[in-house]
Amino acid sequence: MVAPVALSLAQARRVALAAQGFADPAPTGVPTRRHLRRVLDRVGLIQMDSVNVLQRAHYLPLYSRLGPYPTSLLDTAAYRAPRELFEYWGHEASLVPVGLHPVLRWRMAQAAEKAWGGMRRIMAEQPQLVAWVREEVAARGPLTAAEIEHDAPRETGNWGWNWSAVKQALEFLFWAGEVTAADRSTSFARRYDLPERVLPAAVLAAPTPTDADAWRALVAIAARSLGVAAEPELRDYFRLPMAGARQAVAELVEAGELLPAQVPGWRQPAYLHAQARLPRWIRRNTLVSPFDPLIWERARTERLFGFTYRIEIYVPAAQRVHGYYVLPFLQGERFTARVDLKADRRAGVLLVPAAWLEPGADPGETALALAAELHRLAGWLGLDTVAPPVAGDLAGLLTAALTSRSGVP
């Protein structure tokens with residue numbers, strides 16, 4: 001048996017950050033499609049979310065790695081031919097490279113058993129409605145759910161999450177791979193169409209691997225994107241079944257693609273990707289989205305960075321500790337602060353409801369670095385100013401740093 005690779009906690013952090021693209025050089029000039037592909041190669045997929053208090057979630061991981069970039073880069077890759085990305089259930093709702101379509105077909109094939117309850121019920125109880133919805137998409141697509149609901153049979157009723165039966169049918173068909181997202185409306189609603197009218201023909205014609213081969217391919221991508229991780233985190237990256245992921249890990253270890261590793265404080269066995277890089281340092285200062293793959297698995301985030309993070313969107317306001325939409329601030333190899341942010345687009349202001357310092361971080365240095373990052377973020381969002389923070393233990397120093405940068409006496 002091969003002896004595990006011994007990594008210090010600092011080395012594990014740098015490996016993880018490099019695997020996610022935070023050690024790559026920043027683009028000189030305006031980022032291009034080449035830079036987009038480099039990030040996608042690092043992260044494997046990008047999570048989507050409907051919350052738009054600051055910026056849509058899928059745009060932020062690219063910003064964290066590239067700095068200010070034209071969001072049209074991502075829109076074009078996802079929604080214009082020849083497409084490089086498509087929407088599907090990867091981690092959660094995600095933008096996934098089109099080349100991964102074959103290795104996700106096992107999930108499509110399991111829609112009737114594994115899709116969320118409302119989707120399964122609609123297929124089981126109203127299969128004729130599901131068939132009718134698919135025929136509507138085939139005849140008139142691309143269409144939003146609202147456009148189909150207009151002509152839906154009266155007995156469709158309502159289901160969970162206030163989704164109509166038509167929406168449930170569309171989501172079942174989406175899970176099953178029978179429809180896909182052609183693009184998004186201005187209100188962020190999916191426009192559904194048939195895969196053959198959206199995805200590259202070569203992708204759809206590619207052979208379907210066995211489930212075991214697909215899971216092994218997805219675990220390999222997760223391992224490359226994480227750098228070093230425990231088995232549950234390799235499984236979680238694409239939300240794989242436990243037994244299949246464990247078998248895939250074992251096979252990748254046997255093939256030499258994964259190396260057993262030891263990291264101080266990690267109770268579960270760790271695995272290092274064979275091609276993982278260990279840079280001497282990380283010099284990136286950037287805000288990180290709550291939905292960034294670097295921090296998807298909160299237990300790993302705590303083990304690596306000593307950073308306990310919880311998104312509080314769904315927590316009642318009176319019970320929130322740090323705020324509604326809080327972004328961690330990565331300063332080099334550490335999270336040194338967290339900041340609650342909101343874009344007031346009408347006023348052209350980046351609002352800062354709260355700013356908090358992490359234990360052990362230098363208050364003055366952190367405030368100056370975070371002020372610079374907030375101005376950079378505001379510029380990327382098309383906002384004119386950054387408002388002083390309202391609350392938090394970093395509010396005073398951050399206000400002074402923001403004032404200094406803006407030139408206000």
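Is glutamate 233 buried or exposed? In this predicted model, glutamate 233 counts as buried, because its relative accessibility is 3% and the cut-off for a buried residue is under 20%. This residue makes a handy starting point for a tour of the empty spaces in the structure.

Glutamate 233 is part of helix H13, which covers residues 231–236. Two polar partners can be found around its side chain. One is the backbone nitrogen of alanine 230, which sits 2.8 Å from a polar atom of the glutamate 233 side chain. Another is arginine 303, whose side chain makes a polar contact with the side chain of glutamate 233, again listed at 2.8 Å. Leaving aside residues up to four places away in sequence, glutamate 233 touches Leu226, Glu297, Arg300 and Arg303.

Several of these names return when the search turns to empty space. Rolling a probe the size of a water molecule over the atoms shows where such space is left. In this structure, two cavities of 30 Å³ or more turn up. The largest cavity has a volume of about 60 Å³, and Glu233 is among the residues that line it. Leu226, Glu297 and Arg300 also belong to this lining, and each of them is touched by glutamate 233 as well. The rest of the wall is made by Asp236, Tyr237, Pro293, Leu294, Ile295, Trp296 and Thr301. Helix H13 and helix H15 (298–305) each supply at least two of the lining residues. Sorted by class, the lining of the largest cavity has six nonpolar residues, one polar residue and four charged residues.

The second largest cavity holds about 50 Å³ of space. Its lining includes Phe86, Glu87 and Tyr88, together with His101, Met108 and Phe174. Gly177, Val179, Thr180, Pro195 and Leu199 are also found in the lining of the second largest cavity. Strand E3 (residues 85–89) gives the largest share of this lining, with three residues. Seven residues of the lining are nonpolar, three are polar and one is charged.

To place the second largest cavity in the whole molecule, it helps to look at the domains. The protein chain is divided into domain 1 (5–101 + 207–273), domain 2 (115–199) and domain 3 (310–403). Where does the second largest cavity lie with respect to domain 1 and domain 2? Both domains give residues to its lining, so the second largest cavity lies between them. As for domain 3, its C-alpha centre lies 39 Å from that of domain 2.

Domain 1 and domain 2 also share the largest pocket. Both contribute residues to its lining, so the largest pocket lies between these domains. The space in the largest pocket comes to about 840 Å³. Its lining is made up of 30 residues, and those nearest the centre of the pocket are Met48, Asp49, Ser50, Trp89 and Ala93. Helix H9 (145–149), helix H10 (165–175) and strand E6 (190–193) each supply at least two residues of the lining. By class, the wall of the largest pocket counts 17 nonpolar, four polar and nine charged residues.

The backbone has some points of interest too, beginning with two cis peptide bonds. One joins alanine 81 and proline 82, with omega at about -5°. Proline 82 is found in the loop between helix H4 (72–79) and strand E3, and strand E3 is the element that gives three residues to the lining of the second largest cavity. Another cis peptide bond runs from glycine 141 to proline 142, where omega is near 5°. Proline 142 belongs to the loop between helix H8 (127–140) and helix H9, and helix H9 supplies at least two residues of the lining of the largest pocket.

Positive phi values in residues other than glycine complete the picture. For phenylalanine 188, phi is near 75°. This residue lies in the loop between strand E5 (180–184) and strand E6. Phenylalanine 188 is buried, because its relative accessible area is 14% and the cut-off is under 20%. Arginine 239 is not a glycine either, and its phi is positive at about 55°. Its place is in the loop between helix H13, the helix that holds glutamate 233, and helix H14 (242–255). With a relative accessible area of 34%, arginine 239 is partly exposed.

Note on methods: Residues are numbered from 1 along each chain as its sequence is written. This is a predicted model: local features need pLDDT of at least 70, side-chain atom pairs count only at pLDDT 80 or more; totals for chains, interfaces and linings use all residues. Side-chain values use heavy atoms; hydrogens and water are left out. On a 1 Å grid over the protein atoms alone, a cavity is a set of points where a 1.4 Å probe fits but cannot get out, and a pocket is an open set with protein on both sides within 12 Å along at least five of seven lines; lining residues have an atom within 4 Å of a point. Grid points are joined across faces, edges and corners, and a volume is the space filled by probe spheres set on the points. Helices (H or I, at least four residues) and strands (E, at least two) are DSSP runs, numbered from the N terminus. Ala, Val, Leu, Ile, Met, Phe, Trp, Tyr, Cys and Pro count as nonpolar, Asp, Glu, Lys and Arg as charged, and the others, Gly among them, as polar. Domain bounds come from an automatic or database domain assignment. Buried means under 20% relative accessible area, exposed over 50%, partly exposed in between (1.4 Å probe, protein chains only). A polar contact is a pair of N or O atoms within 3.5 Å; within protein, one must be able to donate a hydrogen and the other to accept it, and residues adjacent in sequence count only if both atoms are side-chain atoms. Contact means heavy atoms within 4.5 Å.
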